[in-house]
Amino acid sequence: MNTEKILLAGKIALQVRDWIKPQIKKDMLLLELAEKIEGKIVELGGVPAFPTNLGINDMTAHYTPAYNDEAKAKGLLKIDFGVCVDGWLSDTAFSVDLENSEENKKLIEVAEKALENAIEIINSKTSLGEVGKIIQQTIESKGLVPIANLTGHSIEKYELHSGKTIPNIANKNPRLFGTGIFAIEPFVTKGNGRVYEGKPSGIYSLQNTKNTRSQIAREVLEFISEEYSTLPFCSRWIVKKFGTKSLFGLRELEKNGNLHQYPQLIESSHNNVAQSEHTIFIEKDKTIVTTG
Ligand code: MN
Ligand code: MN
């Protein structure tokens, strides 16, 4: 564990968050927003830990703009991004209401409250199930619903989702947090509280580097392996490096089993969803919110 780099990855994320928040306006291109966030991360000395996720309304996770995306910011927008400093990661998310909607504002407020209440009780001896219970209680006490099939996660060096999952609903998991890095991320809706898998997202992760047929696919594979290793990346980043001919290479690599592509995750009753996320670092007897 490199405490200094863990804290720096968190601090950069916090700075980016504070910098971008007042700039988010209705009708701005999501593409511009994602590039601003990712550019600022680099300017501050990190690299993006994964492609910026920008989910509108019921689009709950795994939407990142394509290289030619024309979608504009609106509705209840979730902004989820992370920072990597030499493999040490942070992961943070916040939501904004671009419609002046009381309902959206309530969803956002409750997501933030659920996160705050969860973090308050977490130390190395807290059980994972207990945190799910606090999150669920906070959300249900306001008449709303947590997304049951999305969870927080432990984080290791170069590994955004490592062994432990942090539930957003109560369960009997007696497993304790222990020490380490964790992302806590409640999602709030008034809908069914489940997501389903939609279209391919253009977000990928490397599975293996076994040989593949075309020259462009081989070049792209080598670049991915050196540049991102096991961290998620997106087609937009690959097009930036190699041009649109690389989209053919990505398709081949996916078919060949070199890449896994994540599906978009959508709330099953098509209700709006708010998300709030922080990364915490639990040392022996203290818990630090690295992104807060
Ligand atoms: Mn996240
Ligand atoms: Mn996360």
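Colleague: Where is proline 22 found?

Modeller: In this predicted model, proline 22 sits in the loop between α1 (3-20) and α2. The C-alpha atom of proline 22 is 12 Å from that of leucine 33, eleven residues apart along the chain.

Colleague: What makes proline 22 count as exposed?

Modeller: Its relative accessibility is 57%. Exposed means over 50%, so proline 22 counts as exposed.

Colleague: How do you know that β11 and β13 pair, and in which sense?

Modeller: Two strands pair if there are at least two bridges between them. β11 and β13 have seven bridges, in the antiparallel sense. One residue to look at is tyrosine 204, whose bridge partner in β13 is glutamine 261.

Colleague: What joins β11 to strand β12?

Modeller: Two bridges join β11 to β12 (residues 233-234), and these strands run antiparallel. The cut-off is at least two bridges, so β11 and β12 count as paired. In β12, phenylalanine 233 stands opposite tyrosine 204.

Colleague: Turning to the pockets, why is the second largest pocket said to lie between domain 1 and domain 2?

Modeller: Because domain 1 (3-194 + 268-289) and domain 2 (198-264) both give residues to its lining.

Colleague: Which elements give two or more residues to the lining of the second largest pocket?

Modeller: They are α2 (30-43), β1 (47-48), α5 (215-227) and α6 (235-242). The largest share, four residues, comes from α2. The lining has 17 residues, and Val47, Pro48, Glu227, Tyr228 and Trp237 lie nearest the centre of this pocket. The space in the second largest pocket is about 410 Å³.

Colleague: How do the lining residues of the second largest pocket divide by class?

Modeller: Ten are nonpolar, two polar and five charged. Tyr and Trp count as nonpolar and Glu as charged, so Tyr228 and Trp237 fall in the nonpolar class and Glu227 in the charged one.

Colleague: And which domains does the lining of the largest pocket draw on?

Modeller: Its lining draws at least three residues from each of domain 1 and domain 2. This pocket holds about 540 Å³ of space. Of its 30 lining residues, His62, His153, Leu160, His161 and Tyr262 lie nearest the centre. The elements giving two or more residues to that lining are β3 (59-61), β7 (152-155), β11 (195-206) and β13 (259-267).

Colleague: What is the class division in the lining of the largest pocket?

Modeller: Twelve residues are nonpolar, twelve polar and six charged.

Note on methods. Residues numbered from 1 in each chain as written. Chains lettered and ligands numbered in written order. Predicted model: local features only at pLDDT ≥ 70, side-chain atom pairs only at ≥ 80, totals over all residues. Heavy atoms only, no water. 1 Å grid on protein atoms, 1.4 Å probe; cavity = no way out; pocket = protein on both sides within 12 Å on 5 of 7 lines; lining within 4 Å. Points joined across faces, edges and corners; volume = space filled by probe spheres on them. Domains from an automatic or database assignment. Buried < 20%, exposed > 50% of the residue type's maximum accessible area, 1.4 Å probe, protein only.
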